[in-house]
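Work through the exercises below with the sequence and the 3D structure at hand. Try each task before you read its solution.

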Amino acid sequence: MIFKQNDALKLLEIIKARRDVRGNRFIPKAVEDEKLNLILEAGISAPSVGYSQPWKFIVIQDTKIKNNILKNFEDENKKAKEIFKDRDLYKKLKLEGIKEAPINMAMLYEPQGEEVIGMTSMKQMGEYSVVCAIQNMWLMARSLNIGLGWVSILDEKKVLDQLEAPQSSNLIAYLCLGYVDKFYDESELKTLGWKDEKKLSDCVVFK
Ligand SMILES: Cc1cc2nc3c(=O)[nH]c(=O)nc-3n(C[C@H](O)[C@H](O)[C@H](O)COP(=O)(O)O)c2cc1C
């Protein structure tokens, strides 16, 4: 398939409009099954080291599980607040949308139990493949006007327990997914003054 310049511009528009969405923006509107399927399909279409496809996505709607994960977040965030105690803004930040988002998703990496092409030297490539799946899903969700937020302030082992997932797997991300009242134009952490945006020239070196 050959794409046109306009397709590339549209893709960049979606990439730039993608936001991390937290509980202050989710609305209680159900995500249609066809849209959820498109998002999941985008995930499993990601590149993976040695075509290992080492991902498992657990789709969570159960309130009891969500409540347990939220407690896990609150315990971990208490420690994070201590770490950032010199920055007053930290404790005011909303950093998850576990209860507000109609769908939560745990993104697991499952070790393959066999040698994988491309992982013989760099052992983290399996986990990075799952990250590629997450980014695909994030962009597909945005193109459907569905918000997605990444929660990483969690005790990984406890999440695996709470999901009755094998302890041999790794939690790569815990995602919150749902419709939103609006998408911000820029990163909320930039707007709130937590961190400045880097320019292209700060990030790219030509040799
Ligand atoms: C690996 C990873 C982990 C993240 N973990 C969290 C998190 O625990 N809580 C949160 O509110 N945002 C989390 N984020 C979202 C980032 O804060 C967000 O992507 C960043 O501020 C840029 O904003 P934007 O995604 O809206 O452009 C995470 C993002 C990534 C890529």
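Two strands pair if DSSP finds at least two bridges between them, and strands (E, at least two residues) and helices (H or I, at least four) are DSSP runs, numbered from the N terminus. The model is predicted, so that local features need pLDDT of at least 70 and side-chain atom pairs count only at pLDDT 80 or more, while totals for chains, interfaces and linings use all residues. Residues are numbered from 1 along each chain as its sequence is written, and side-chain values use heavy atoms, with hydrogens and water left out.

**Exercise 1. The sheet**

Task: Find how many bridges join strand β2 to strand β4, and then place both strands in their sheet.

Solution: Begin with the pair itself, where β2 (residues 103-109) and β4 (residues 170-178) run antiparallel and are joined by seven bridges. Within this pairing, M105 stands opposite L175 in β4. Next, widen the view to the open sheet of four strands, whose order is β1-β2-β4-β3, with antiparallel pairing. Because β1 (55-60) and β3 (147-151) stand at the edges with a single partner strand each, one side of each is left without a neighbour in the sheet.

**Exercise 2. Two helices**

Task: Describe how the axes of α2 and α4 cross, and name the residues that make the contact.

Solution: The axes, which are lines fitted to C-alpha atoms over the stretch in contact, with angles from 0 to 180 degrees between N-to-C directions, come within 7 Å for α2 (residues 33-44) and α4 (residues 125-143), and cross at roughly 150°. The contact (heavy atoms within 4.5 Å) is made by L38, I39, L40, A42 and G43 of α2 together with A133, N136, M137, M140 and A141 of α4. Finally, α2 also packs on the sheet, where this helix touches β1, β2 and β4.

**Exercise 3. The pockets**

Task: Which residues lie nearest the centre of the largest pocket, and which residues line the second largest?

Solution: A pocket is an open set of points on a 1 Å grid over the protein atoms alone, where a 1.4 Å probe fits and protein lies on both sides within 12 Å along at least five of seven lines; lining residues have an atom within 4 Å of a point. The largest pocket is lined by 15 residues, and R18, R19, E186, S187 and E197 lie nearest its centre. The largest share of this lining, three residues, comes from α6. The second largest pocket is lined by D20, R22, L95, W138, W150, V151, S152 and I153.
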